[in-house]
Amino acid sequence: MEQKEIAILDDIKILVDHFYEKAKVDPLLGPIFNGVIKDHWPEHLEKLYRFWQTVLLEEHTYHGSPFVPHAQLPVTKEHFDRWIQLFNQTVDKYFAGTKAADAKWRAEKMAEMFHYKIAFYRNNPSKPIL
């Protein structure tokens, strides 16, 4: 498949759909994603389309706080490393260019931030989750 720039919402959908198809069946990530999302995948994917559309295309369709729903997940650095690995593989398979590089950079920063925040709240349970 020829790689192209991430330019429109349909590109975001390709990225998100192919990434989560991998994540759903991944031995490490699948049980967590499927255990939390259950049969609400269509709604979750729609939310992710809007998130990445806002982040990468600067079309502000996502409203909310992405961290809060993830704060109590039973995940470690190993999970985030695998998430990044699958995400980057998906980006590299379908896309190239500045938006593709930006997607990978942003995903890595988000994973790093989520990992540290989850660890912080685990170690400081009296702090409110923000």
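In this predicted model, confidence is ranked among the elements of the protein chain by mean pLDDT, which is lowest in H5, at 92, and highest in H1, at 98. Across the protein chain the average pLDDT is 92, and 96% of the residues score at least 70.

The empty space in the structure was examined next. Rolling a probe the size of a water molecule over the atoms shows where such space is left. The largest pocket holds about 700 Å³ of space, and its lining is made up of 28 residues, of which Tyr 20, Phe 33, His 44, His 70 and Leu 73 are the closest to the centre of the pocket. At least two lining residues are supplied by each of helix H2 (30–37), helix H3 (41–57), helix H4 (77–94) and helix H5 (98–123), and the largest share, six residues, belongs to H3. When the lining of the largest pocket is divided by class, 20 residues are nonpolar, six are polar and two are charged.

The second largest pocket encloses about 150 Å³ of space, and the residues that line this pocket are Lys 77, Phe 80, Asp 81, Ile 84, Glu 108, Ala 111, Glu 112, His 115 and Tyr 116. Two or more of these residues come from each of H4 and H5, with H5 giving the largest share, five residues. By class, four residues of the lining of the second largest pocket are nonpolar, one is polar and four are charged.

In addition to the pockets, the structure contains one cavity of 30 Å³ or more, and the volume of the largest cavity is about 30 Å³. The lining of the largest cavity consists of Leu 15, Val 16, Phe 19, Tyr 20, Trp 52, Trp 83 and Phe 87, to which helix H1 (9–25) and H4 each give two or more residues. The largest share of this lining, four residues, is provided by H1. The class division of the cavity lining gives seven nonpolar residues, with no polar and no charged residues. Tyr 20 thus appears in the lining of the largest cavity and also among the residues closest to the centre of the largest pocket.

The packing of H3 and H5 was then considered. Two packed helices are described by the angle between their axes and the distance between the axes. For H3 and H5 the angle is about 115° and the axes lie 10 Å apart, and the crossing in which H3 passes H5 is right-handed. On the side of H3 the contact involves Phe 51, Trp 52, Val 55, Leu 56 and Leu 57, which meet Lys 99, Asp 102, Ala 103, Arg 106, Ala 107 and Met 110 of H5. Divided by class, the residues of the contact of H3 with H5 comprise eight nonpolar, no polar and three charged residues. Trp 52, a residue of H3 in this contact, is also one of the residues that line the largest cavity.

Definitions and conventions: Residues are numbered from 1 along each chain as its sequence is written. This is a predicted model: local features need pLDDT of at least 70, side-chain atom pairs count only at pLDDT 80 or more; totals for chains, interfaces and linings use all residues. Side-chain values use heavy atoms; hydrogens and water are left out. On a 1 Å grid over the protein atoms alone, a cavity is a set of points where a 1.4 Å probe fits but cannot get out, and a pocket is an open set with protein on both sides within 12 Å along at least five of seven lines; lining residues have an atom within 4 Å of a point. Grid points are joined across faces, edges and corners, and a volume is the space filled by probe spheres set on the points. Ala, Val, Leu, Ile, Met, Phe, Trp, Tyr, Cys and Pro count as nonpolar, Asp, Glu, Lys and Arg as charged, and the others, Gly among them, as polar. Axes are lines fitted to C-alpha atoms, for helices over the stretch in contact, and angles run from 0 to 180 degrees between N-to-C directions. A crossing is left-handed if the near helix is turned anticlockwise from the far one by less than a right angle, and right-handed if clockwise. Contact means heavy atoms within 4.5 Å. pLDDT is the predictor's confidence in each residue, from 0 to 100.
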